[in-house]
Amino acid sequence: MKKKILIITIIILSITYTFGRIDKVFIIPFSHLDIGFTGTQEEVSKEYVEMVDNLIEIMDIFPDFSFTIETFWQLQQWLETSPQSSKVQKLVQYIKEGRMEIGGAYASMHTGFMNYLSLSETFKNSKKFAEKNHFTVATAIMNDVPGYTQDLPDILFENNISYFMTGINDKYAQVLQLPTPVNIFYWQGPNGKKILTWVTKASYMEGVNFKSISSIESYAKRLEKEGYPYDAVAILLAKDNGGIEPGLVSYLNLHGASKFSELEIVFSTPTSFFEYMEERYQSVIPTYKGDWSGFWESVKSGGPFSSSLIRWSQEILQEIVSLDLINQNNPLYDIAIKNILLYSEHTAAPGAGWPGNYTLEQNYIFNKTVVDYAFTAYNTVLNIINELTPKEPESNKIYVFNPGNSEKETLLRFELGEWDPNSRVVIGLKGEEYVAYPYSLDSINPWEQVAQGYEVYVKLPKGISEINIISRIPTTYETKKTEGSIIENNFYTIKLNSDGSFNVFDKELNTCVVNNGGIIEYSFTNSTQNHEREELVIDSVKTIEYPQKNVMIAEFTDSPITKLEIILPKNEKNFLFNYYFDINKIPYVRYDKHSINFYLKIPLTQAGTFVYNGPASMVKDLYQFPALRPEQVSIQDLVAVETKDYTVTLGTRQTFLFGYNEKSGYIDCLLLRHYDEAATKDLGITPLGEVEPGSTNILKYSFFFYTGDKIDDFGVENFYKPPIILK
């Protein structure tokens, strides 16, 4: 009798209201990939090998269960173990049946940090696997990341991917300002291509909280009251590297009980959901445009050295590809791209790790692995470049790869045997002769690979050129050194102030365009709104007049900022300025402050409209997409402010996060984030040690500056992609 009463009670409790709109719920189980976070990269890889193996067996046992392999990296770990062909075919069979899906992305990426090539390559691995096995990839899935570049829809379209699904981290739920609680829309790129997009602000883990049919029914009723206009909804269901278990537990809890609900509850795949929605609502789903990236790319600034290697690598590799100088089946190309993508994945940033997730040793292994991605990508791209050298080079020639444009002169630097600071070198190119002068650098980086050599401004064709070495001649000039704090050419007068800042006067415009530029500030990550000024105390100032440029060098004491170098070409309207940063001079940062961030500020004397270069297009309206924007946005190579009288162009190499304050009129950028302690699971809060193993202690941050009637994208391109000598 008690048993009958219990059954009747369960049935009564399962009776639901008739729903006016929502009558179908798509539950989408998957495992969210963090290449790290819960363990080292190698440990996470082993977990996904086991997951895919188990998944095939689970699909056999539960014929109504569906599962999505979120990103290709997860499948790749299993494929690299050379599984039995019968298992691979079984997996492919489930994909073709629609019970299983492989997301089109390599991983969840920091898309604002990437360029056009690396974004395109994000979707190539899954496509290759699909083509080989005769199925299509329709949906790209990226999760956790709070925003994406405006170029993503165009690039997805180019790769024949129709749908994009993302569950942003719920701590950033306030980012989206879209009008509905669960968001489906067409996202349109700058080239006009549209991708049907689903974004949930409740995060990719939202489904874990629905442990009963009644909880899903309550959720559907709430959506209806809030104005959700469609008859179906998707619920993402995953945990960080959680494997099959969260989805399977949900299936066992809900599958049998769903027969008592008027809601149709199906365990499904993203593409099935998108196809259902598009078939019914294509004409009424709204369209949005714009960029909403930048919130998490800032973690890459915790690895300023390694991130600079990756940014150079992806940009130079893109130029090599665009000039058709490499076969993309070349193994070196695959190695370079793989490591660029691994570094661009959202977990991959050197730092202190999530509190309690790592032992100190695991934290070191994780950081070293991330930095190794950068070193491997960089060295591989160098090897690709050096393969472009003629097989039988002539001794009286140097061979140059110019990845920049050919519309303007660019600075060419080269070595020539033993360096002689007392000689010039005459070179020939296309019937013209040029004189190269000796130079010496304190440090080298991807953009300045030769410490001592000869430099000359020359108009180089794009691609590979042969330059004739005509002669060496003794120098007949003397560099003029003074202790003055002003340098100038025909275009600018630049004055160094006593506090280490500088003013810029444009002679053509007859106006001061920068007042007290070069202010350095810092904040701690636990209170990023509270900025303090880094006081720069000048130890010495000198100006040097060279045949082709004037240089001012200011050295500072008692600060991580050790030197400011301003370089003014004599015959061009632009100038460069470099800051040298000594990591070892940063004051020790305790874990209660988490980490320290350093910023550079350039106050402009006229306010204007802020624009920046993204991975494949210029962003001219920061607020076009209905989302909040972070203080700094991730850029490719330049930012600009268009005022009523002129345009300021600022090019950048090592740093990539910029903001603009319209009220105060300053451009600012995040130089780096520095960690000293970690909260480990074996030692508690403890000194972290080296965050970027193998990096240099002295970092150089280089900037290009121009004022004129339009953005100087050609000047920035040559600054960002200078010529490279083939070896």
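Biologist: What makes helix α11 stand out in the lining of the largest cavity?

Modeller: In this predicted model, helix α11 (residues 304-322) supplies the largest share of that lining, 3 residues. The full lining consists of Phe113, Met114, Asn115, Arg311, Gln314, Glu315, Ile635, Gln636 and Tyr720.

Biologist: How do you know which classes line the largest cavity?

Modeller: Happily, that is just sorting: the lining has 4 nonpolar, 3 polar and 2 charged residues. Arg and Glu count as charged, so Arg311 and Glu315 of the lining fall in that class.

Biologist: And how many cavities of 30 Å³ or more are there?

Modeller: The count comes to 1. The largest cavity has a volume of about 40 Å³.

Biologist: Why is α2 called roughly perpendicular to α3?

Modeller: The axes of helix α2 (residues 41-61) and helix α3 (residues 72-79) cross at roughly 80° and come within 8 Å. Angles of 65 to 115 degrees count as roughly perpendicular, so α2 is roughly perpendicular to α3.

Biologist: Which residues make that contact?

Modeller: From α2 come Gln41, Val44, Ser45, Tyr48, Val49, Val52, Asp53 and Ile56, and from α3 come Trp73, Gln74, Leu75, Gln77 and Trp78. By class they divide into 8 nonpolar, 4 polar and 1 charged. Asp counts as charged, so Asp53 of α2 belongs to the charged class.

Biologist: Good! What makes Leu248 of helix α9 a buried residue?

Modeller: Buried means under 20% relative accessible area, and Leu248 is listed as buried, along with Pro246, Gly247, Ser250, Tyr251 and Leu254. What covers the buried residues of α9 includes β1, α2, α8, β8 and β9.

Note on methods. Residues numbered from 1 in each chain as written. Predicted model: local features only at pLDDT ≥ 70, side-chain atom pairs only at ≥ 80, totals over all residues. Heavy atoms only, no water. Axes fitted to C-alpha atoms, helices over the stretch in contact; angles between N-to-C directions. Helix = DSSP H or I, 4+ residues; strand = E, 2+ residues; numbered from the N terminus. Parallel < 35°, antiparallel > 145°, perpendicular 65-115°, else oblique. Contact = heavy atoms within 4.5 Å. Buried < 20%, exposed > 50% of the residue type's maximum accessible area, 1.4 Å probe, protein only. 1 Å grid on protein atoms, 1.4 Å probe; cavity = no way out; pocket = protein on both sides within 12 Å on 5 of 7 lines; lining within 4 Å. Points joined across faces, edges and corners; volume = space filled by probe spheres on them.
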